[in-house]
Amino acid sequence: MNEDIQKRLRNAFAEQEDAPPFDATWHGAERQFARRRRRLRTFTGVAAAALAIAAVFYARIPAPVDEPLIEMGELLGSTYWQAPSDALLPEHRIDLYEDLPALIGSPDPGEGALL
């Protein structure tokens with residue numbers, strides 16, 4: 001059993017390769033960095049193009065018309081507003097023009113009525 005473990009360890013270490021030379025590692029890192037930079041530039045270009053297209057479509061949308069949807073005269077003629085507190089007040093049906101006494105006239109005809 002002990003010999004079996006030693007044989008397996010020898011085989012495992014024999015299959016292990018030596019570390020790659022420094023130049024190969026450096027060039028591999030440079031290639032990986034260049035790929036990342038290309039991806040970033042591509043993504044930035046695509047994002048800028050999408051933004052430009054969105055700006056063009058937004059600029060083509062017509063401005064909203066500032067015409068009112070409801071005419072003010074129509075609105076005022078069709079609605080009646082009453083204060084909520086009006087229900088608490090007593091109803092007085094007085095016509096001021098009918099119920100006021102006649103105004104006393106001035107003795108001088110050019111001055112009008114006396115108040």
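**Figure 1. The order of elements in the predicted model.** Reading from the N terminus, the elements of this predicted protein go α-α-α-α-β-β. That adds up to four helices and two strands. Confidence varies along the way: H2 has the highest mean pLDDT of the elements, at 93, while strand S2 (residues 113-114) has the lowest, at 53. For the protein as a whole, the average pLDDT is 78, and 74% of the residues score at least 70.

**Figure 2. The surface, and how little is hidden under it.** The protein has 115 residues, and just 2% of them count as buried. Its accessible surface is about 12100 Å². Carbon and sulfur atoms account for 62% of that area.

**Figure 3. A salt bridge in helix H1.** There is one salt bridge in the structure, and this view zooms in on it. The partners are aspartate 4 and arginine 8, whose side chains meet with an N to O distance of 3.5 Å. Why do aspartate 4 and arginine 8 sit about one helical turn apart? Because they are four residues apart in helix H1 (residues 2-15). Are the two partners buried or exposed? Aspartate 4 is partly exposed, with a relative accessible area of 39%. Arginine 8 reaches 60% relative accessibility, so it counts as exposed, the cut-off being over 50%.

**Figure 4. A positive patch made of arginines.** Here Arg31, Arg35, Arg36, Arg38 and Arg39 come together as a positive patch on the surface. Take arginine 35 as a way in: it belongs to helix H2, which covers residues 22-60. H2 is also the element with the highest mean pLDDT, 93. How accessible is arginine 35? Its relative accessible area is 39%, so arginine 35 is partly exposed. That value is over the 30% a residue needs to join a patch, so arginine 35 qualifies on this count.

**Figure 5. A nonpolar patch that includes helix H3.** Which residues make up the nonpolar surface patch? They are Leu69, Ile70, Met72, Leu75 and Leu76, and the patch they form is about 580 Å². Leucine 76 is one of its members, and you'll find leucine 76 in helix H3, residues 72-78. With a relative accessibility of 60%, leucine 76 counts as exposed. Since patch members need over 30% relative accessible area, leucine 76 clears that cut-off too.

Definitions and conventions:
Residues numbered from 1 in each chain as written. Predicted model: local features only at pLDDT ≥ 70, side-chain atom pairs only at ≥ 80, totals over all residues. Heavy atoms only, no water. Patch = residues over 30% accessible without salt bridge, like charges linked within 9 Å, V, L, I, M, F, W, Y side chains within 5 Å. Areas by Shrake-Rupley, 256 points an atom, 1.4 Å probe, with all protein chains shown as cover. Salt bridge = Lys/Arg side-chain N within 4 Å of Asp/Glu carboxyl O. Buried < 20%, exposed > 50% of the residue type's maximum accessible area, 1.4 Å probe, protein only. Lys, Arg positive; Asp, Glu negative; His and termini not counted. Charge placed at Lys NZ, Arg CZ, Asp CG, Glu CD. pLDDT = per-residue confidence, 0-100.
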